[in-house]
Amino acid sequence: MSTKLVILDRDGTINYDRDDYVKSAEEWQPIPGAIEAIARLNHSGWHVVVASNQSGLGRGLFDVGTLNQMHEKMNKLLAAEGGRVDAIFYCPHTPEDHCHCRKPLSGLFQQIGERYSQDLKGVPAVGDSLRDLQACVEQGCEPHLVFTGKGEQFRHVELPKHFPENTQTHHDLSAFVDWLLNKEQLNQDAQESSPKATHGLFRGHR
Ligand SMILES: [Mg+2]
Ligand SMILES: [Zn+2]
C-alpha cells in the first residue's frame, strides 16, 4: 500500500514569503494556522514533505547552515503541536544554473517519488505560485493553490487559463487541510455504507 503523502511548497505556503528572500531563522515566520495544519495531517496518518526552491543559496544570500536553522525552527514549532515533516527537498540553484530541480521543472517531485518508491499520481501538492503547480502536475500530482504568499493576488479573481486545468484553490494551508480531511472522511463514510461491502458478498453464499 502506498504512503498517504502530501507535498508542500514552503515560502508563501507554510511561512510568509519576502521579496528579499527568507534569509534567516528570524525571518522564517509561519503563516497563522499552517503549523497546526501540518500536525493535523500527521495526526490523520498523512506524511508531509516539503519541495522548495531556495535560489537564495545559489545567490549567496545565506548558506546551508542558515537554511538548516530555518528548518530547525520549523521542526521545533511542529514538534510542539505533535507534528513533523518527513523531509525537505530543496533546489539550491539559480535560474542560470539550468538545473532540473528548480520549479516549474519537476526534479524535486521526481526525487520525492524515488524516495518513497511511489508513483505520485493523485498525490496532493500545495503551493502559492504557478510554478509549484506546473512542477507537480508534471509528475501526476493533484494541484492545489493557496491564496497566501504569491497566491494572494488570485483571491478575488478568476484563475488565469494557464493554470493547470484541475487546480483547486483554498484560502490557506489550514483550509486545504480542512478540505482534504473532510474528503477523506466522506470517502470512509461512503465505503462503510456501501451495499458492496462484506455483508453483501456473504449474503450470496447463504
Ligand atoms: Mg512559494
Ligand atoms: Zn536545482
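Reader: Which residue in β2 is the bridge partner of I7?

Author: This is a predicted model, in which local features need pLDDT of at least 70, side-chain atom pairs count only at pLDDT 80 or more, and totals for chains, interfaces and linings use all residues. Residues are numbered from 1 along each chain as its sequence is written, while chains are lettered from A and ligands numbered from 1 in the order in which they are written. Strand β1 (residues 5–8) pairs with β2 in the parallel sense over four bridges, pairing being at least two DSSP bridges between two strands. Within β2, I7 has as its bridge partner V49.

Reader: Which helix does the chain pass through from β1 to β2?

Author: The path from β1 to β2 is a right-handed β-α-β crossover (clockwise from the first strand over the helix to the second, with the strands pointing away from the viewer). The helix on that path covers residues 34–43 and is α1.

Reader: Which residue in β3 stands opposite S52?

Author: β2 and strand β3 (residues 87–91) run parallel and are joined by five bridges. Opposite S52 in β3 stands Y90.

Reader: How many of the seven residues of β2 are buried?

Author: Buried means 20 or more other C-beta atoms, placed from the backbone, within 10 Å of the residue's own (exposed: 12 or fewer; partly exposed: in between). Across the 206 residues of the chain, the buried share is 35%. Strand β2 (residues 47–53) is largely enclosed by the rest of the structure, because its buried residues number six.

Reader: How many helices and strands are in the chain?

Author: Both are DSSP runs numbered from the N terminus, helices being H or I of at least four residues and strands E of at least two. The order from the N terminus is β-α-β-α-α-β-α-β-α-β-β-α-α. The count is seven helices and six strands.
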